[in-house]
Amino acid sequence: MLRVENIKHSFKTGNEWTTVLHDINFTVNKGEMVALLGSSGSGKSTMLNLMAGLMKPTEGHIYIAGHDIVQMGENKLAEFRRKHIGFIFQAYELITSLTVRENVELPLVFQSVSPSVRKQKALALLEQVGIPDKADLFPSQLSGGQQQRVSIARSLITEPSVIFADEPTGNLDTRTEEEIIAILLKLNQTLKTTFIVVTHELEVAEQMQRTFSLRDGYLINNPPAAADAKSAEGGTG
Ligand SMILES: Nc1ncnc2c1ncn2[C@@H]1O[C@H](COP(=O)(O)OP(=O)(O)OP(=O)(O)O)[C@@H](O)[C@H]1O
Ligand SMILES: [Mg+2]
């Protein structure tokens, strides 16, 4: 479903180029939930932003559902992202002047979906993330954990193929973190949406199906998927 091939990325600061990702290769299967683990500055957000098509790598290819997003032109990529990619930010990034329900509906406003269908879908998702009673409130009236639930619902409303989450529990206390991770795990199970979750916490990563680890821009841990491991053993299942 997602294939990262020979990705290298360098940033220019002043006259110097610094390479922050070196020859990264990995594959994520449809419906998997994987963690991208690494300490601060290891390149997690850069890798995630490249995979979500928010920036272009210096070298390499990134295939999502068979399409190389690196090769895509700006307009096609924007459309592809709207249809296939969801994103959850550490700081929620909700629009303060819109209600909770309007925030969740927002990605559909740019598509030809009728207001009544939009509303129905948003309310169903708010139910799934456990805050059906908050639909008419504004983000400022919610706790951090509740705001992150809204942003999770928003990321799901277009039924994307893959959702990228950059430290989705980074601003939350431990108990709320556990609740949010439990919601993501449940959504992955029920909706079969592919999730790629950036974290620097081993306890969070351990709950995912696989963990890819970055250190200083190098991928140091690339475990096989459960299905791949089985076939590699040569067992008959
Ligand atoms: N726009 C930029 N210009 C120059 N250097 C950058 C830029 N963005 C990131 N970097 C550098 O790339 C490296 C990786 O940064 P990145 O944000 O991907 O790390 P991270 O693993 O997400 O860290 P954190 O856990 O602190 O969020 C860092 O050394 C950072 O300074
Ligand atoms: Mg980061």
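In this predicted model, ligand 1 is surrounded by Phe11, Thr13, Val20, Ser39, Ser40, Gly41, Ser42, Gly43, Lys44, Ser45, Thr46 and Glu167. By class, this shell holds 2 nonpolar, 8 polar and 2 charged residues. Two elements, β1 (2-13) and α1 (44-51), each contribute at least two residues to the shell. The largest share comes from α1, which supplies 3 residues.

Three side chains of the shell place a polar atom beside an oxygen atom of ligand 1. For Lys44, the distance from a polar side-chain atom to a ligand oxygen is 2.7 Å. For Ser45, the corresponding distance is 2.8 Å. For Thr46, a polar side-chain atom lies 2.6 Å from an oxygen atom of the ligand. On its own, ligand 1 has 640 Å² of accessible area, and the protein covers 58% of it.

The chain as a whole was examined next. Its secondary structure comprises 8 helices and 10 strands. The C-alpha trace spans about 50 × 45 × 35 Å along its principal axes. The chain has 237 residues, so a compact globule would be expected to have a radius of gyration near 18 Å. The value for the chain is 18 Å, which agrees with that expectation.

Burial and surface were then considered. Of the 237 residues, 46% count as buried. The chain exposes about 11,800 Å². Carbon and sulfur atoms supply 49% of that exposed area.

Contacts within the chain were sorted by separation in sequence. Among those between residues at least 6 apart, 71% join residues at least 24 apart. A single pair of residues gives an example of positions far apart in sequence. Glu206 and Val34 are 172 residues apart along the chain. Their C-alpha atoms are separated by 9.4 Å.

Glu206 was also placed within the secondary structure. This residue is found in a loop. The loop runs between α7 (202-205) and β9 (210-215). The relative accessibility of Glu206 is 58%, and a residue counts as exposed over 50%. Glu206 is therefore classed as exposed.

Note on methods: Residues are numbered from 1 along each chain as its sequence is written. Chains are lettered from A and ligands numbered from 1 in the order in which they are written. This is a predicted model: local features need pLDDT of at least 70, side-chain atom pairs count only at pLDDT 80 or more; totals for chains, interfaces and linings use all residues. Side-chain values use heavy atoms; hydrogens and water are left out. Helices (H or I, at least four residues) and strands (E, at least two) are DSSP runs, numbered from the N terminus. Buried means under 20% relative accessible area, exposed over 50%, partly exposed in between (1.4 Å probe, protein chains only). A residue is near a molecule or strand if one of its heavy atoms lies within 4 Å of it. A polar contact is a pair of N or O atoms within 3.5 Å; within protein, one must be able to donate a hydrogen and the other to accept it, and residues adjacent in sequence count only if both atoms are side-chain atoms. Accessible areas come from the Shrake-Rupley method with a 1.4 Å probe; for residues, only the protein chains shown count as cover. Ala, Val, Leu, Ile, Met, Phe, Trp, Tyr, Cys and Pro count as nonpolar, Asp, Glu, Lys and Arg as charged, and the others, Gly among them, as polar. The radius of gyration is taken over C-alpha atoms; the globule rule is 2.2 Å times the number of residues to the power 0.38. Contact means heavy atoms within 4.5 Å.
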